[in-house]
Amino acid sequence: MKKIFTAILFIFSISIMFACGLTGREKTVEQAEIYENNSNENKSDVDELSESDIEKIKWLIQTLHASHGGASNTIGKGGVLDTKEKQAAFLYTLNEVECENILKDSLEKYVIFENDKKLISSENAEFVLKMAGAFDTTDVWQYLSKEDSFHMESEDMFALPVYAREGSENFIEFRDWTFIVGENGKLTVQYKTYSPALHGYIDRVKLRLHKNKKSIFGGYSADYMLSVPIEPEGTTFNQDEFCREENWGEYRKPLTMGDSIDDYIFSLDDSLYQMPFPLEELISNGWEYNGNLIEEEKRAEITLTKDGDEIFCICWYCKESRVPKWYVVSIKTGLIRENSNMDFELFSGRKRGDYAYDYREHGIYGFWDPLYGYGYGISVYAADDKTIQGFNIRYAPKYTNRIKRLNEIATDIKDEVSITENGYTKLERDISYKLTMYEEPIYVQIKSLDKVGWADDMDLIWVKRGEQEEIVEYIEYGMYYTLFIDENKEAAVEVIRIEDGPDMEPEVVPIVGNK
């Protein structure tokens with residue numbers, strides 16, 4: 001699984017195209033549209049969104065985007081700045097070079113400007129975080145003090161680092177800003193992110209904010225943000241639709257655990273589910289939710305209970321056939337009690353109480369899905385004895401053709417090599433190997449995902465037979481790959497990872513069986 005620190009480094013390196021310190025009114029109008037939410041809206045509310053307000057709100061949102069990895073579609077109340085890690089990352093990325101003028105104007109009461117340093121105290125850091133949207137900030141200062149990756153000027157002062165995101169390797173653009181002013185001081189902001197390296201859109205993001213006259217961020221504080229991936233072909237901002245597709249079709253209950261971990265199938269209390277699935281599937285199997293779901297919100301974070309156990313879900317209100325329903329797109333088990341009756345099974349037969357680590361302890365069991373960035377996939381949490389005690393699944397929506405999406409973010413093929421004999425062949429990344437000893441040639445490739453910054457530690461073992469393409473395995477931190485074909489024409493790829501010792505046997509991934 002991805003190391004947390006690696007993810008944080010990537011988050012901090014995300015670039016922002018639009019400069020925070022916009023000066024011309026014409027420039028602001030080009031980048032943002034302002035709408036009234038209904039005909040009864042008080043026009044003075046709209047007038048309150050001045051050019052300066054918009055600049056400061058964008059500064060807030062872009063910093064939230066960087067510190068949250070582009071989304072808060074995770075389990076938790078509120079989603080925005082709801083953990084000490086997110087709060088620390090927010091402070092770490094607040095001092096954006098392109099926002100220099102706004103920062104000085106907005107933080108003069110809270111930050112000490114000493115030569116080239118910008119120092120903030122614990123008390124003022126909490127003020128700033130709460131103005132941004134944080135609720136409980138009691139743990140962030142201690143976290144900053146203990147983590148070596150953050151620079152404390154002294155026990156009482158944190159030095160805001162300087163970041164120049166524009167021009168970095170993982171540079172992204174923020175496009176199509178829309179500001180919708182609603183009733184009772186509510187503000188909705190929508191935008192899309194675009195990757196020049198990928199030549200396509202990554203996701204669309206929606207934030208909800210509330211009026212806070214004390215806030216330095218244009219008089220608003222954030223409530224939550226939601227990120228939804230965008231298909232390469234579907235680059236339009238489709239009204240207010242959270243679902244990746246307007247219609248997921250009729251839900252079909254899975255009959256097996258599937259062929260791959262990226263099928264997102266799991267078993268809970270002997271019932272099979274495949275993400276995304278209607279919330280009513282859990283209800284019909286005895287899980288209870290006593291709250292009220294508001295369809296207009298189109299998103300909810302809820303807790304369900306059964307026999308004293310809890311599961312936490314993120315749900316979207318989407319269409320199934322012609323009947324709108326709430327779909328579960330993220331699920332996490334609570335702290336499972338010693339006398340709990342909750343049983344679950346994940347792909348490859350991993351169950352509660354099983355050993356939590358993978359082959360040769362390459363890492364804790366799970367699947368980090370490279371489709372859209374950090375945070376999607378399947379993970380488990382373990383007890384002190386390294387046994388699995390719970391799981392967290394955050395669904396990465398499948399495109400109509402998942403292979404197509406992975407091919408788009410994979411590094412381009414450099415060359416093609418024909419293999420005509422059995423034996424060992426060292427495989428290089430991004431070279432297509434044509435195995436000619438079969439009745440129909442088989443193509444094998446180690447695809448690297450260096451084209452996008454979030455997946456540069458992952459390779460794909462890719463196989464093509466005729467027109468049929470298959471991702472045989474996802475490999476994190478792979479170092480060497482060797483193809484072996486025996487006398488019976490059975491083929492496998494031997495994998496050596498970066499953390500493997502010199503005396504370790506390679507991991508063997510079969511790719512062609514004896515038929």
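**Exercise 1.** Is Ile498 buried or exposed?

*Solution.* The model is predicted. Start with position: Ile498 sits in the loop between strand S28 (491-497) and strand S29 (507-512). Next, take its relative accessible area, which is 53%. Exposed means over 50%. Ile498 is therefore exposed, at 53%. Finally, look at its partners: Ile498 joins Met479 and Tyr480 in a nonpolar surface patch, with about 290 Å² of accessible area together.

**Exercise 2.** Find how many disulfides there are, and explain the state of Cys315.

*Solution.* A disulfide needs two cysteine sulfur atoms within 2.5 Å. The count by this rule is 0. Cys313 is in no disulfide, and the nearest cysteine sulfur, that of Cys315, is 5.3 Å away. Cys315 forms no bond because its closest cysteine sulfur, in Cys313, is too far at 5.3 Å. Now check burial. Cys313 is buried, with 1% relative accessibility. Cys315 is buried too, with 0%.

**Exercise 3.** Work out what the salt bridge of Glu280 and Lys325 ties together.

*Solution.* The side chains of Glu280 and Lys325 meet at 2.7 Å, N to O. Glu280 belongs to helix H9 (residues 279-284) and Lys325 to strand S15 (residues 323-333), so the bridge ties together parts 45 residues apart in sequence. Glu280 is partly exposed at 40%. Lys325 counts as buried at 19% relative accessibility.

**Exercise 4.** Place the Asp459 and Arg429 pair in the chain.

*Solution.* Their closest N and O atoms are 3.0 Å apart, in a salt bridge. Asp459 is in strand S25 (residues 458-465), and Arg429 is in the loop between strand S22 (423-427) and strand S23 (431-435), 30 residues apart. Asp459 is buried at 4%. Arg429 is partly exposed at 30%.

Key
Residues numbered from 1 in each chain as written. Predicted model: local features only at pLDDT ≥ 70, side-chain atom pairs only at ≥ 80, totals over all residues. Heavy atoms only, no water. Patch = residues over 30% accessible without salt bridge, like charges linked within 9 Å, V, L, I, M, F, W, Y side chains within 5 Å. Areas by Shrake-Rupley, 256 points an atom, 1.4 Å probe, with all protein chains shown as cover. Salt bridge = Lys/Arg side-chain N within 4 Å of Asp/Glu carboxyl O. Helix = DSSP H or I, 4+ residues; strand = E, 2+ residues; numbered from the N terminus. Buried < 20%, exposed > 50% of the residue type's maximum accessible area, 1.4 Å probe, protein only.
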